[in-house]
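This briefing sets out the principal structural features of one protein chain. It is arranged by topic for reading beside the sequence and the model.

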Amino acid sequence: MPRPVLRALVAVFVLVAVGAIVVTLSRLDWGVVAVLFTRRDPGQIALLLGGSLLTSMAGLSFGFLAWRVVLLESGPPVSEPRVVRIFFVGFLSKYVPGRVPGIIAITKVATANGVTFARLISTAALVMSLVLLSGFTVGLLAGVQMLGAQAAWLAGAAVLIVLVLVRPQIVTQGSALLLRLLRRPSAAKAVSVRGVRLAVAWQSLSWVVTGLHLWPLAIAMGAPPSRSLALCVGAFTLATTIGIASVIIPDGIGVREAVLAAALSLVLPAPAAAVVAVASRLVSTVGEILLGAVALGTAEYLIRRRPRGLSGVQALDGESAGV
């Protein structure tokens, strides 16, 4: 494709993505912020909201590290800025209406930065399996309180996580089998035992830290701090994991809020629990967009700082080698 045409298509996609993000932000229920400020001293609420936002962004960063481990283990080296570029372009593409434009964008960005389609889809398949297994496992913190003995089905995920830590080859072989059944190519290099275990650790930490963002919001609405801590971490993780599993619903909208409200009703009145669930969506979305924008901006700056006089291929090879 001629370079001017390619640049025009990239510009159009960026404009569409920015427009979609602006529309998403405009559709959020910002009224919950006013509700929160009526509950406590404004200074306290500002600190709780700020802590919630920073915690949400930190949790997403740990999720990126889990994805990074799998990607780097499954093929030739890729420079850190380009890894960041690939991940966050794909992450922010979810706000673009329809899945096809986002898939095309992440595939093009990945291949242009030294990651084949087979490697990209193998990474996605492996990471998604770890996301779901670790999510349902951490979700036990709330599932046991919500469901009692009926939460036994969640324990299956915990058993599988332990099995994966003992025998990491199971998850890599399972992902490869799934890709063969779907007639999709797999990466040329399998992820190592250490890589799978490290990815499980990062993703589990991501769930715990991300779930912590719900705790300050619940406290702001009057939840008892000690009793609500584990519940908030488990509730957010369980609600988000169920939302991810509900593939027909974009980003689990509605499903996540329903599960969150049901869990939080154990420590809050139903109306207050609903406010926290809506506020969680607001904080999570703003945190995702802020982190994505900062990460992409930093990555683009570092990539474009490459020494003058190098060709694109030479620069990519140099960055891949750590230069």
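Surface patches, as the term is used here, consist of residues with over 30% relative accessible area and no salt bridge, with nonpolar side chains joined within 5 Å. A patch of the nonpolar kind is formed on the surface by L6, V10, V14, V18 and V22, which together have about 380 Å² of accessible area. The model is a predicted one. It describes a chain with 15 helices and zero strands.

**Overall architecture**

- The chain has 323 residues, of which 46% count as buried.
- About 15,900 Å² of the chain is exposed, and carbon and sulfur atoms supply 71% of that area.
- Among contacts in the chain with a separation of 6 or more, 76% are between residues 24 or more positions apart.

**The nonpolar surface patch**

- V14, one of the patch residues, is found in helix 1 (residues 3-27).
- V14 counts as partly exposed because its relative accessibility is 43%, a value that also satisfies the patch requirement of over 30%.

**Nonpolar cores**

- The largest nonpolar core contains 43 residues, and the members that touch the most others are F64, W67, I86, F88, V115, L120 and V164.
- At least two residues of this core come from each of helix 3 (42-73), helix 4, helix 5 (100-112), helix 6, helix 8 (152-166), helix 10 (193-211) and helix 14 (270-304).
- Helix 4 provides the largest share of this core, with eight residues.
- Another core, of 32 residues, lies apart from it and includes L260, V275, A277 and V283.
- Leaving aside neighbours within four places in sequence, V115 is in contact with L71, V78, I86, A110 and L120.

**Aromatic pairs**

- The structure holds eight aromatic pairs.
- F87 and F88 form an edge-to-face pair, at 4.8 Å centre to centre and with 85° between the planes.
- F87 and F91 form a stacked pair, at 5.9 Å centre to centre and with 15° between the planes.
- F87 and F91 are separated by about one helical turn because they are four residues apart in helix 4 (residues 80-92).
- F87 and F88 are both buried, and F91 is buried as well.
- Ring pairs link F64, W67, F87, F88 and F91 into a cluster; F64, W67 and F88 are also among the residues that touch the most other members of the largest core.

**Salt bridges**

- Side chains of opposite charge can pair when their charged atoms come close.
- The structure has five salt bridges.
- One of them joins E300 to R85, with the closest N and O atoms 2.7 Å apart.
- E300 lies in helix 14 and R85 in helix 4, so this pair ties together parts that are 215 residues apart in sequence.
- R85 is buried, with a relative accessible area of 14%.
- The side chains of E288 and K94 meet in another salt bridge, at 3.2 Å from N to O.
- This pair links distant parts of the chain, since E288 is in helix 14 and K94 is in the loop between helix 4 and helix 5, 194 residues apart.
- E288 counts as buried at 14% relative accessibility, whereas K94 counts as partly exposed at 37%.
- R304 forms a salt bridge with E300, the closest N and O atoms being 3.4 Å apart.
- Both R304 and E300 lie in helix 14, four residues or about one turn of the helix apart.
- R304 counts as exposed, with 66% relative accessibility.
- R85, E300 and R304 are joined into one network by salt bridges that share partners.

**Individual positions in helices 6 and 10**

- S129 is in helix 6 (residues 117-138) and is partly exposed, with a relative accessible area of 21%.
- The C-alpha atoms of S129 and V171 are 7.7 Å apart in space, while these residues are 42 residues apart in sequence.
- A124 is also found in helix 6, where A124 counts as partly exposed at 40% relative accessibility.
- A124 and W67 are 57 residues apart in sequence, with 8.0 Å between their C-alpha atoms.
- Q203 is found in helix 10 and counts as buried at 6% relative accessibility.
- Not counting residues up to four places away in sequence, Q203 touches G63, A66, L130, V131 and S134.

Definitions and conventions. Residues numbered from 1 in each chain as written. Predicted model: local features only at pLDDT ≥ 70, side-chain atom pairs only at ≥ 80, totals over all residues. Heavy atoms only, no water. Buried < 20%, exposed > 50% of the residue type's maximum accessible area, 1.4 Å probe, protein only. Patch = residues over 30% accessible without salt bridge, like charges linked within 9 Å, V, L, I, M, F, W, Y side chains within 5 Å. Areas by Shrake-Rupley, 256 points an atom, 1.4 Å probe, with all protein chains shown as cover. Salt bridge = Lys/Arg side-chain N within 4 Å of Asp/Glu carboxyl O. Phe/Tyr/Trp six-rings, centres within 6.5 Å; stacked < 30°, edge-to-face > 60°. Contact = heavy atoms within 4.5 Å. Core = buried A, V, L, I, M, F, W, Y, C linked by side-chain atoms within 4.5 Å.
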